[in-house]
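Here are my notes for a first look at this one. Keep the viewer open while you read.

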Amino acid sequence: MAHDSGEPNSSEERGPRQSAGSRQPHRPRQLADRPWPEVSRPVVCLPFGSIEQHGPHLPLDTDTAVATAVAQRLAGRLAAAGTDVVMAPPVAYGSSGEHEHFAGTVSIGRDALEVLLLEYGRSACRWAEKLVIVNGHGGNVDVLTAAVPRLVHEGRDVAWLGCVPEAPDGDDGGAPLDAHAGRVETSLMLHLQPERVHLDRAEPGNTEPLRALLPELRRGGVAGVAANGILGDPRGASAAEGERLLSAMVEAAWRDYVAWTPTASGRLVA
Ligand SMILES: [Zn+2]
């Protein structure tokens, strides 16, 4: 897991004036920056996130931030390999009904999101070579599984991949892979945007395995099983662990993208 891709922190925040020979990845072109004659027929890389509570210590847009970071690094590698690729502005809202008991959460629901993805794909694929959606929120999976195969059936080259951390290899003390706003997401945000993490408020939530919590979760949402909104335990999170987790996620995304073998659900799996 602790594979170091040699990529710098926060490459998306760096300007475009990087020297071509450095180990830094290409900063991928941003779709929103381009006048239309400079767009041509690229691969479009679209981060897909959410605005939902992430405990008392992480920002509401944590899933969007993680999806954007993975997408930027994937697109940077594709650009470095000679692929014409652009980063699209993220879809920053998702399907987050299970978090709606917490202030700040805005869920636009499955129906709206499915229509959004369908129309997004239909419109972008008028000029895009391919559309790859990088998903940062588990609650969006049903929508992706409904919309992406339909776009493929309509003849469009669309697929999605998830930002799924791999099981730790033990070198890092065995960080547990928790479900929500726990050690994984806290470490990722400490690496990506430490100034936005309120580590003094990080406290354990419900640490039962997600599978055991599911029936109660479906009945009463996250608030029914964790008053602070955390499923897991953020204690022990670190920026170094977040960097390793992110590198592993980018490696997996790269392998999945390069193989380009979507499953029946439209997901890329190498
Ligand atoms: Zn999250």
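What follows is a set of numbered points, going from the overall layout to single residues.

1. First, a caution: this is a predicted model. The protein chain has six helices and five strands, and along the sequence they come in the pattern β-β-α-β-α-β-α-β-α-α-α. Of its 270 residues, 45% count as buried. If you look at contacts between residues at least 6 apart in sequence, 76% of them join residues at least 24 apart.

2. Start with the sheet. In what order do the five strands of the open sheet lie? The order is 1-3-2-4-5, and the pairing is parallel. Strand 1 (29-30) and strand 5 are the edge strands, each pairing on one side only.

3. Now go to strand 2 (residues 43-48), which runs parallel to strand 4 and is joined to it by six bridges. Strand 2 also runs parallel to strand 3, with three bridges between them. To find these pairings on screen, look for proline 47, whose bridge partner in strand 4 is valine 134, and cysteine 45, whose partner in strand 3 is methionine 87.

4. Is strand 2 buried or exposed? Six of its six residues are buried, so the rest of the structure largely encloses this strand. In a regular strand, side chains alternate between the two faces of the sheet. Both faces of strand 2 are covered: Val43, Cys45 and Pro47 are buried on one side, and Val44, Leu46 and Phe48 are buried on the other.

5. Strand 5 (residues 158-162) deserves a careful look. It is an edge strand, pairing on one side only, yet five of its five residues are buried, so it too is largely enclosed by the rest of the structure. Val158, Trp160 and Gly162 are buried on one side, with Ala159 and Leu161 buried on the other. The pairing of strand 5 is with strand 4 (residues 130-135), in the parallel sense and over five bridges. In that pairing, leucine 161 is the bridge partner of valine 134, the residue that also partners proline 47 of strand 2.

6. Which strands does helix 1 lie across? The answer is strand 2, strand 3 (85-87) and strand 4, and helix 1 runs at about 160° to strand 2. Helix 3 (residues 141-153) packs on the sheet as well, touching strand 4 and strand 5, and its direction makes about 155° with that of strand 5.

7. Helix 1 (residues 62-80) has a helix partner too: it packs with helix 6 (residues 239-259) at an angle of about 55°, their axes 9 Å apart. The two helices are therefore oblique to each other, and helix 1 passes helix 6 in a right-handed crossing. On the helix 1 side the contact uses Ala69, Val70, Arg73, Leu74 and Arg77, while helix 6 brings Leu246, Met249, Val250, Ala253, Trp254 and Tyr257. By type, the residues of this contact divide into nine nonpolar, no polar and two charged.

8. For a contrast, try helix 5 (residues 210-220). It is hardly covered, and among its eleven residues the count of buried ones is zero. Just after helix 5 comes glycine 221, with a positive phi of about 70°.

9. Two backbone angles are worth checking. Most residues other than glycine have a negative phi. Alanine 181, though not a glycine, has a positive phi of about 60°. It sits in the loop between strand 5 and helix 4 (183-192) and counts as buried because it has 29 C-beta neighbours inside 10 Å. Tryptophan 260 also has a positive phi, about 40°, without being a glycine. Its place is in the segment after helix 6, and with 12 C-beta neighbours inside 10 Å it counts as exposed.

10. Last, have a look at leucine 31, in the loop between strand 1 and strand 2. How far apart in space are leucine 31 and valine 86? They are 5.3 Å apart, C-alpha to C-alpha, with their positions 55 residues apart in sequence. Leaving aside neighbours within four places in sequence, leucine 31 is in contact with Val44, Val86, Met87 and Ala88. Even so, leucine 31 is partly exposed, with 18 other C-beta atoms within 10 Å.

Terms used:
Residues are numbered from 1 along each chain as its sequence is written. This is a predicted model: local features need pLDDT of at least 70, side-chain atom pairs count only at pLDDT 80 or more; totals for chains, interfaces and linings use all residues. Axes are lines fitted to C-alpha atoms, for helices over the stretch in contact, and angles run from 0 to 180 degrees between N-to-C directions. Helices (H or I, at least four residues) and strands (E, at least two) are DSSP runs, numbered from the N terminus. Angles under 35 degrees count as roughly parallel, over 145 as roughly antiparallel, 65 to 115 as roughly perpendicular and the rest as oblique. A crossing is left-handed if the near helix is turned anticlockwise from the far one by less than a right angle, and right-handed if clockwise. Two residues are in contact if their C-beta atoms, placed from the backbone, lie within 7 Å. Ala, Val, Leu, Ile, Met, Phe, Trp, Tyr, Cys and Pro count as nonpolar, Asp, Glu, Lys and Arg as charged, and the others, Gly among them, as polar. A residue is buried if 20 or more other C-beta atoms lie within 10 Å of its own, exposed if 12 or fewer, and partly exposed in between; C-beta atoms are placed from the backbone. Two strands pair if DSSP finds at least two bridges between them.
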